[in-house]
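Me: I'd like to learn how to read a few features of a protein model. Can you take me through them one at a time?

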Amino acid sequence: MKAKMAGAALAVATVVMAMAAPAQAGPRLDRILETKVLRVGTPGDYRPFAIKANGAYSGHDIDLIERMAKDMGVKVQYVDTSWPKLMEDLQADKFDVAVGGITRNVARIAKAEMLPGYAPFGKVALVRAADKDKFATAQSLNQPGVRVIKNPGGTNEAYVLENLKSAQVSTHDKNAEIPGLIAEGKGDVMITETYEALHYSKADPRLAAAFVEQPLTPVNQLGFMLPKDDADYTRVMQFAWGLQDSRGELRKAAQQWLK
């Protein structure tokens, strides 16, 4: 009986000590709040979400992450990365959040956290306006005479490798240069997402966005990607994202960048 009473007393004491201990954030959140710096990784080559030009960043995701950082009382420090190394760099702690038009999917969520989805999209094709009628079906893209230019890494490359095995596929490292190559006739097709195709087709009359009304893939969403090492940090980022939604900032960013 005495042993039971002693055990109960010890359990109560443990709970009291835990309640009295000062609350602490997780290690990543602690570091961000102490240094006042949020490290943001982005390939910076995907309009209209994040593009780096003349040393400065702009786009839908850039606006939102800057507002989130302001609410957290920290400043953004941008870190260059690439689509092939995006997950590797995130897990190597080179940055605290990845932005720039990142597709939410099982493979990524199995390894990282992702904030709520935005910008529903499907895979489409960016082609020359003169050739739009030529590419009316998915099978029309998968022909030996069709020159497809892809960017390495990411889900666009995955679609090309899986579905366009009969086409002439080449790789170009700089995603933002591929639309120009298509317009100049150095390639026929770029597989991308709805918003990027619409952006370039509006910017250059030589280009057209094919399959926008009936995408090549089921509708998916984009999301900001976080490391899984700090639940407190994830919770704060989810809260900061929710603030943007409740204040109408998500709607404003979409109207500015995605229309």
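Reply: We'll go through a sheet, some backbone oddities, and then the empty spaces. Keep in mind that this is a predicted model.

Me: Let's start with the sheet. In what order do the three strands of the open sheet come?

Reply: The general idea is that strands of a sheet pair through backbone hydrogen bonds, either parallel or antiparallel. Here the open sheet runs β2-β3-β4, and the pairing is antiparallel. At the edges sit β2 (45–46) and β4 (56–58), each with pairing on one side only.

Me: How many bridges join β3 and β4?

Reply: Three bridges, in the antiparallel sense, with β3 covering residues 50–53. If you want a spot to check by eye, look at Ile51, which stands opposite Ser58 in β4.

Me: Now the backbone. What should I be looking for there?

Reply: Start from the rule of thumb: most residues other than glycine have a negative phi, and most peptide bonds are trans. Then you hunt for the exceptions.

Me: Which residues are joined by a cis peptide bond?

Reply: Arg47 and Pro48, with omega at about 5 degrees. You'll find Pro48 in the loop between β2 and β3.

Me: And which residues other than glycine have a positive phi?

Reply: Lys36 is one, with phi near 60 degrees. Lys36 lies in the loop between α2 (27–35) and β1 (37–42). Asp93 is another, with a phi of about 65 degrees. Asp93 belongs to the loop between α4 (86–91) and β6 (97–98).

Me: Why is Lys36 called partly exposed?

Reply: Partly exposed covers the range between buried, under 20% relative accessible area, and exposed, over 50%. Lys36 has a relative accessible area of 46%, so it counts as partly exposed. Asp93 gets the label too, because its relative accessible area is 29%.

Me: On to the empty spaces. How many cavities of 30 Å³ or more does the structure hold?

Reply: One. The largest cavity has about 130 Å³ of space. Its lining takes in 15 residues, and those nearest the centre are Trp83, Gly154, Thr155, Asn156 and Glu193. Helix α7 (residues 154–163) gives the most to that lining, with four residues.

Me: What is the chemical make-up of the cavity lining?

Reply: The lining of the largest cavity splits into three nonpolar, eight polar and four charged residues.

Me: What about the largest pocket: how much space lies in it?

Reply: About 230 Å³. Of the 13 residues that line the largest pocket, Pro43, Asp45, Asp173, Lys174 and Asn175 are the closest to its centre. By type, the lining of the largest pocket has five nonpolar, four polar and four charged residues.

Me: And which residues lie nearest the centre of the second largest pocket?

Reply: Trp83, Met87, Ala107, Arg108 and Lys111, out of 14 lining residues. The second largest pocket holds about 200 Å³ of space. Trp83 is a handy landmark here, since you met it among the residues nearest the centre of the largest cavity.

Me: Which helix gives the most to the lining of the second largest pocket?

Reply: That's α4, with four residues. At least two residues come from each of α4, α5 (106–109) and α7. Sorted by type, the lining of the second largest pocket has six nonpolar, five polar and three charged residues.

How values were computed: Residues numbered from 1 in each chain as written. Predicted model: local features only at pLDDT ≥ 70, side-chain atom pairs only at ≥ 80, totals over all residues. Heavy atoms only, no water. Pairing = 2+ DSSP bridges. Buried < 20%, exposed > 50% of the residue type's maximum accessible area, 1.4 Å probe, protein only. 1 Å grid on protein atoms, 1.4 Å probe; cavity = no way out; pocket = protein on both sides within 12 Å on 5 of 7 lines; lining within 4 Å. Points joined across faces, edges and corners; volume = space filled by probe spheres on them. Nonpolar A, V, L, I, M, F, W, Y, C, P; charged D, E, K, R; others polar.
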